[in-house]
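The following note sets out points for a colleague working through this structure. It begins with an internal void and then turns to the ligand site and the annotated domains.

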Amino acid sequence: MSKSEIQEESPMEVYDANTTAPLSSHKAHHASSIRDVSSYWSNLATSKLEWFAPHVGGASGALSGSLIDGSVSWFAGGKLNVCHNAVDRYCHAPYDRGNDVAIVWEGDEPTSVLRITYDELRMEVCRISNALMFGGVRRGDVVTLYMPMVPELAMTMLACARIGAVHSVIFAGFSADAIADRIQDANSFYVVTASEGRRGGRVLPLKSICDDAISKERCANIVRRVFVFDGKDEGGDKWEEGKEGKHVRFTPLVASMRPVCPCVWMDAEDPLFILYTSGSTGRPKGLVHTTGGYALFAMVTTANSFGLSQQTGPSDPHNMSNRDVYACVADAGWITGHTYIVYGPLLNGLSTFMFESTPMYPDCGRYWDMVQRHGITVFYTAPTAIRSLMRYGDDAPRRYDLSSLRVLGTVGEPINPAAWKWYYDVIGNGRCSVVDTYWQTETGGHVIANLPGITPMKPGSCTLPCYGIDLAVLDPTTGKEIETSPAEGVLAIKQPWPGMARTCLGDHQRYLAVYMKPYPGYYFTGDGCRRDEDGYIWITGRVDDVLNVSGHRIGTAEVESALVAHYSVAQAAVVGIPHEIKGQGICCYVTLVEGYPETDALVKELYLAVRTHIGPFATPDMIVVNGALPMTRSGKIMRRILRKIASSELDTIGDTTTLSDPSVVDELILKVDKFF
Ligand code: WTA
């Protein structure tokens, strides 16, 4: 189908940035990729990754198991090492790219820039691997990483992969409580942190937050060692031994190690990492990603979605014009950073960018300054960042030369058309593809995205499924697949794909209950969607109790449990509210235990309780204290009504006569009104 065909059929605006291939051939390629997913992915696994031993069962046997019982496995019996594939292989023939840059790091200050070549990366990763093993880490151990956005974070992830340890990275915005929960859940004997990090001119006291976590009773008997990197700007002068004698000053230990460390042969189905994410219940779940399937999916989706190709030979130092400078400015503590800062780009032999600071530091031109200084060609960020920069107008981006840009990526939440257009017009100057990538921690990589130069774009739609992804829109009540378009329902995936998380650590029943059982035979995403007449997908948001605040996934139940843990709180109900910059904000309704009057100081404590339990990024936008909440006669809190009140959608509040005390609604409306 050509662009003009789409435009005629659809009333939506359609943008076409330099289409180089017809959409019909893309659609045909997609259809053939899902006809036999086992062979499709097996052929890619053989051509894209270096294996120490091939998987068993040939192309048609690459996939086994089913979504129904959650027994999916890819390339089982195949032996490989992800660190070898992401680092070592590029250092020798036939790639010979040891002198090419693997990581460009830009620190909190625009003047602190490091370039690390593939050779340097290999040697440093080997030293870290040896240091971890010297400290006791063995294959299969879970190593918790609580680190700033410095190259050592990526290097330690790769070192874990090298020695067969399983990393569990915790975003550096999480609190000591949240770290302790995750260490306990994963039974993680080892923790790697840094004495401090920096962000937006502020110091992040990571080691002291970590120390708080491991001194909690639930961790004290689990953690055996804490490896502490020196902060980037200090020479270890801030080094402080923890009181338990578990701390190892890591920077000098690493420096003293041999820069050679063999890669462990891992099975394709061995776990590569765990990443915790929020769900509908209070406890975050540790999703387990595997070695072979995840690596392949990360590698292939990075190349496809951003129009990049695997770097197969040494770069020509005299001709940099055809080289991409790829920059994903997310944090490596989230899945976006795992797949599209660390694994995806390095597995393709690209150079990847690590950014420690914020888009606002030292001013709102920071991103555009970086694009100009580094000649960035592919830039990947979240709608919340775009919206917050948009507020400052067009002057900042206009001050910089953004002509190197070719592809602009977005991830994390639906992008509203106004932000899309600003990104396209002002940042991309109407020349670049805006790639809207829909995916989840669970999917490991992109599952819906447009291909730059191929898929015509509609602002706000993540467009069409990626290769090898068999999407389905289901009727939420009958569970039946809706085959015709347009359609509206919940988004599901019909056949296994290599990047899918295989289980929730230590709780396969929960994995089945959340993803596989709601619609038997399908993987359920938890998102609602619309599919238009062109087959384009429009994500309408979560259909469960998960909020998306500035692209961070937060379970309402997590916030509620933080609140009810406070001595003064009797009941808490948390709902999302539309927020101009963050996408969604957090609104908490609470009732207090008898005898605790509502004071400013107490409400402040409640805000703090959420920050302490989860982290500052989950700070509520409003906390509404009232004598009662709207309940049904059977005692259930009516969240639907609370949502309507919080979003001021009073005309669609619906029937309130079934409430045990309908007057509560008016009280709450008055209280919420005061916040605006
Ligand atoms: C949402 C982030 C619309 C969605 C990679 C999903 C999106 C959740 C998009 C996963 C997008 C992510 N358009 N919605 N392009 N990308 N989402 O696990 O609700 O942090 O289920 O993974 O973010 O969030 P997670």
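1. The lining of the largest cavity is made up of His-26, Trp-41, Val-300, Thr-301, Asn-304, Ser-305, Ala-449, Leu-451, Pro-465, Cys-466 and Tyr-467. The model is a predicted one, and this list should be read with that in mind.

2. Which helix gives the largest share of this lining? Helix α11, spanning residues 292-305, does so with 4 residues. By residue class, the lining of the largest cavity comprises 7 nonpolar and 4 polar residues, with no charged ones.

3. The volume of the largest cavity is about 80 Å³. In total, the structure contains 4 cavities of 30 Å³ or more. As general background, empty space left between atoms is revealed by rolling over them a probe the size of a water molecule.

4. The ligand site has a shell of its own. The ligand is surrounded by 17 residues, and the closest are Thr-437, Thr-441, Asp-527, Arg-542 and Arg-553. This shell divides into 6 nonpolar, 6 polar and 5 charged residues, whereas the lining of the largest cavity has no charged residues.

5. Which secondary-structure elements each supply at least two residues of the shell around the ligand? They are α12 (335-347), β20 (433-437) and β25 (537-542).

6. Three polar side chains deserve attention for their distances to the ligand. In Asp-436, a polar side-chain atom is 2.7 Å from a nitrogen atom of the ligand. In Arg-542, which is among the closest residues, a side-chain N or O atom lies 2.7 Å from an oxygen atom of the ligand. For Gln-440, the corresponding distance from a side-chain N or O atom to a ligand oxygen atom is 2.9 Å. Taken alone, the ligand would expose 530 Å², of which the protein buries 96%.

7. Two domain annotations come from UniProt, in both cases from an unreviewed entry. The record assigns "Acetyl-coenzyme A synthetase N-terminal" to residues 27-86. Over that range the chain is 43% helix and 10% strand, and its end C-alpha atoms lie 30 Å apart.

8. The second annotation in the UniProt record, "AMP-binding enzyme C-terminal", covers residues 558-636. What are the helix and strand contents of residues 558-636? The chain there is 27% helix and 32% strand, with 18 Å between the end C-alpha atoms.

Technical notes: Residues numbered from 1 in each chain as written. Predicted model: local features only at pLDDT ≥ 70, side-chain atom pairs only at ≥ 80, totals over all residues. Heavy atoms only, no water. Near = heavy atom within 4 Å. Polar contact = N/O pair within 3.5 Å; in protein donor to acceptor, adjacent residues only side chain to side chain. Areas by Shrake-Rupley, 256 points an atom, 1.4 Å probe, with all protein chains shown as cover. Nonpolar A, V, L, I, M, F, W, Y, C, P; charged D, E, K, R; others polar. UniProt positions renumbered as here; feature names shortened; annotations may be inferred. 1 Å grid on protein atoms, 1.4 Å probe; cavity = no way out; pocket = protein on both sides within 12 Å on 5 of 7 lines; lining within 4 Å. Points joined across faces, edges and corners; volume = space filled by probe spheres on them.
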